[in-house]
Amino acid sequence: MEEYQDRSLGGKVFQQIRSDIINGKYKENDELRENTIGKELGVSRTPVREALRQLELEGLVSIIPNRGAFVTGISHKDIKDIYLIRSLLEGLCARWAAENISEEKLTELEEIIVLSEFQINRENGGSPDQITALDGRFHAALYEASGSRILARVLTDFHNYVKMARLTSVASQERARRSIREHRQILRAIRERDGELAEQLANEHIMHVIENLKKQGFK
């Protein structure tokens with residue numbers, strides 16, 4: 001039982017540190033001190049050490065012998081690679097959603113788009129944070145609609161990895177409006193059960209994000 005609890009605690013610590021790296025609390029090359037993190041999270045060094053080893057396997061942390069653990073972070077190239085992979089996987093996700101989506105999930109996606117349109121049409125273009133959050137909700141619902149837990153998990157991880165880049169990608173009102181229009185087109189194809197078109201539109205949607213990121217300096 002004690003071993004199970006240690007593993008469960010290590011998993012929670014792993015998720016917390018991972019989230020802190022992705023959200024920008026820890027920057028690239030920051031040292032992750034076991035004692036400091038342990039005190040912050042109210043745990044011993046053991047689950048922190050376990051979490052750091054897992055994060056090293058994910059490529060978010062580099063452990064240097066006799067020196068410590070340091071944040072590797074996600075480079076611009078990593079972000080570009082993730083989006084290129086996402087363009088293919090989100091296309092597949094949209095195709096499967098067209099085949100498997102329920103009426104309940106169709107309604108949920110429609111409601112998210114309506115809320116997004118409401119936000120973007122508010123005075124001053126609405127709240128960027130809320131628009132970004134709705135963008136995330138749309139993609140999360142789309143992943144669930146695919147009917148594949150494995151695909152949803154992979155895409156959710158990728159989505160989280162590029163969270164900071166997503167804030168940049170919808171920063172301009174013009175891009176945000178275009179993104180919402182693209183979401184509606186994808187939903188229309190899914191509602192019509194046109195898997196081929198849904199796949200094409202979802203692929204193009206992510207490629208447009210890549211183009212926008214390049215304009216923001218992501219090479």
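Here is a short walk through two of the empty spaces in this structure, a cavity and a pocket. Keep in mind as you look around that the model is predicted.

How do we find gaps like these? Rolling a probe the size of a water molecule over the atoms shows where empty space is left. When the whole structure is searched, 3 cavities of 30 Å³ or more turn up.

Let's stop at the second largest cavity, which has a volume of about 70 Å³. Its lining is made up of 10 residues. If you want to find the middle of this cavity, look for Ile 131, Asp 135, Ser 179, Ile 180 and His 183, the lining residues that lie nearest its centre. Two elements, α6 (128–145) and α9 (173–191), give two or more residues each to this lining. As for its chemical character, the cavity lining splits into 6 nonpolar residues, 3 polar ones and 1 charged.

Now move over to the second largest pocket, which holds about 220 Å³ of space. Along the chain, you can pick out its lining starting with Glu 31, Leu 32, Arg 33, Glu 34 and Asn 35. Arg 45, Arg 49, Leu 52 and Arg 53 also line this pocket, and so do Ile 63, Gly 68 and Ala 69.

Which elements supply at least two residues each to the pocket lining? They are β1 (31–32), α2 (34–41), α3 (45–58) and β3 (68–71). The largest share comes from α3, with 4 residues. Sort the pocket lining by type and you get 6 charged residues, 4 nonpolar and 2 polar.

Key
Residues numbered from 1 in each chain as written. Predicted model: local features only at pLDDT ≥ 70, side-chain atom pairs only at ≥ 80, totals over all residues. Heavy atoms only, no water. 1 Å grid on protein atoms, 1.4 Å probe; cavity = no way out; pocket = protein on both sides within 12 Å on 5 of 7 lines; lining within 4 Å. Points joined across faces, edges and corners; volume = space filled by probe spheres on them. Nonpolar A, V, L, I, M, F, W, Y, C, P; charged D, E, K, R; others polar.
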